[in-house]
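Thank you for making time this morning. I would like to walk you slowly through one structure, so please bring it up on your screens before I begin.

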Amino acid sequence: MPDQTELNRLFWHSRRGMLELDVLLVPFVKEVYPSLDPADQARYRKLLACEDQDLFGWFMERGEPEDEDLYRMVRMILDRVQPK
């Protein structure tokens, strides 16, 4: 389980200043990230390193990441807010 310092850092990195991203990433890091396995936690950190415009396009489903790790994380976040 990540320590509080790491969670705080991830929380601030998840705040992108773009409402569409903040409403997806901030609740995810607060509610889901701590329970992810270490591989998915690493995928989330990798996702945070991406450019906001790329993230916006992926989350608005105007495209998808070619990287499988990033694709998995984008789908995990979208599936959480878009019940099937």
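Let me start with Phe 11, which counts as buried because its relative accessibility is 18%, and the cut-off for buried is under 20%. Please keep in mind throughout that what you are looking at is a predicted model. Phe 11 has a partner in Trp 12, and here the two rings have their centres 5.0 Å apart with their planes at 85°, so the pair is described as edge-to-face. Trp 12, for its part, is exposed, because its relative accessible area is 56%, where exposed begins over 50%. When the whole structure is searched, three aromatic pairs are found, and, turning to another group of rings, Phe 28, Tyr 33 and Tyr 44 form one aromatic cluster.

Tyr 44 brings me to the interior, since it is also among the residues with the most contacts inside the largest nonpolar core, together with Leu 25, Leu 47, Phe 59 and Ile 77. That core has 26 residues, and the elements that contribute two or more residues to it are α1 (4-14), α2 (19-31), α3 (38-48), α4 and α5. Which of these gives the most to the core? It is α2, with six residues. As a general background, nonpolar side chains in soluble globular proteins tend to be buried together. If you would like one residue to follow by eye, take Phe 59, which, leaving aside neighbours within four places in sequence, is in contact with Leu 21, Leu 24, Leu 25, Leu 47, Val 74, Ile 77 and Leu 78.

Staying with helix α2, I would draw your attention to Asp 22, which lies in that helix and is buried, yet has no salt bridge. The nearest side chain of opposite charge belongs to Arg 15, and it is 5.2 Å away, whereas a salt bridge would need the charged atoms within 4 Å. What does lie 3.3 Å from a polar atom of the Asp 22 side chain? The answer is the backbone nitrogen of Gly 17. Not counting residues up to four places away in sequence, Asp 22 touches Ser 14, Arg 15, Arg 16, Gly 17 and Pro 27.

Finally, please look at the loop between α4 (52-59) and α5 (68-81), where you will find Glu 61. The phi angle of Glu 61 is near 60°, a positive value in a residue other than glycine, and Glu 61 counts as partly exposed because its relative accessible area is 45%.

How values were computed: Residues are numbered from 1 along each chain as its sequence is written. This is a predicted model: local features need pLDDT of at least 70, side-chain atom pairs count only at pLDDT 80 or more; totals for chains, interfaces and linings use all residues. Side-chain values use heavy atoms; hydrogens and water are left out. Helices (H or I, at least four residues) and strands (E, at least two) are DSSP runs, numbered from the N terminus. Buried means under 20% relative accessible area, exposed over 50%, partly exposed in between (1.4 Å probe, protein chains only). A nonpolar core is a set of buried Ala, Val, Leu, Ile, Met, Phe, Trp, Tyr and Cys residues joined through side-chain atoms within 4.5 Å. Contact means heavy atoms within 4.5 Å. Lys and Arg count as positive and Asp and Glu as negative; His and the chain ends are not counted. A polar contact is a pair of N or O atoms within 3.5 Å; within protein, one must be able to donate a hydrogen and the other to accept it, and residues adjacent in sequence count only if both atoms are side-chain atoms. Rings of Phe, Tyr and Trp (its six-membered ring) pair if their centres lie within 6.5 Å; planes under 30 degrees apart count as stacked, over 60 as edge-to-face and the rest as tilted.
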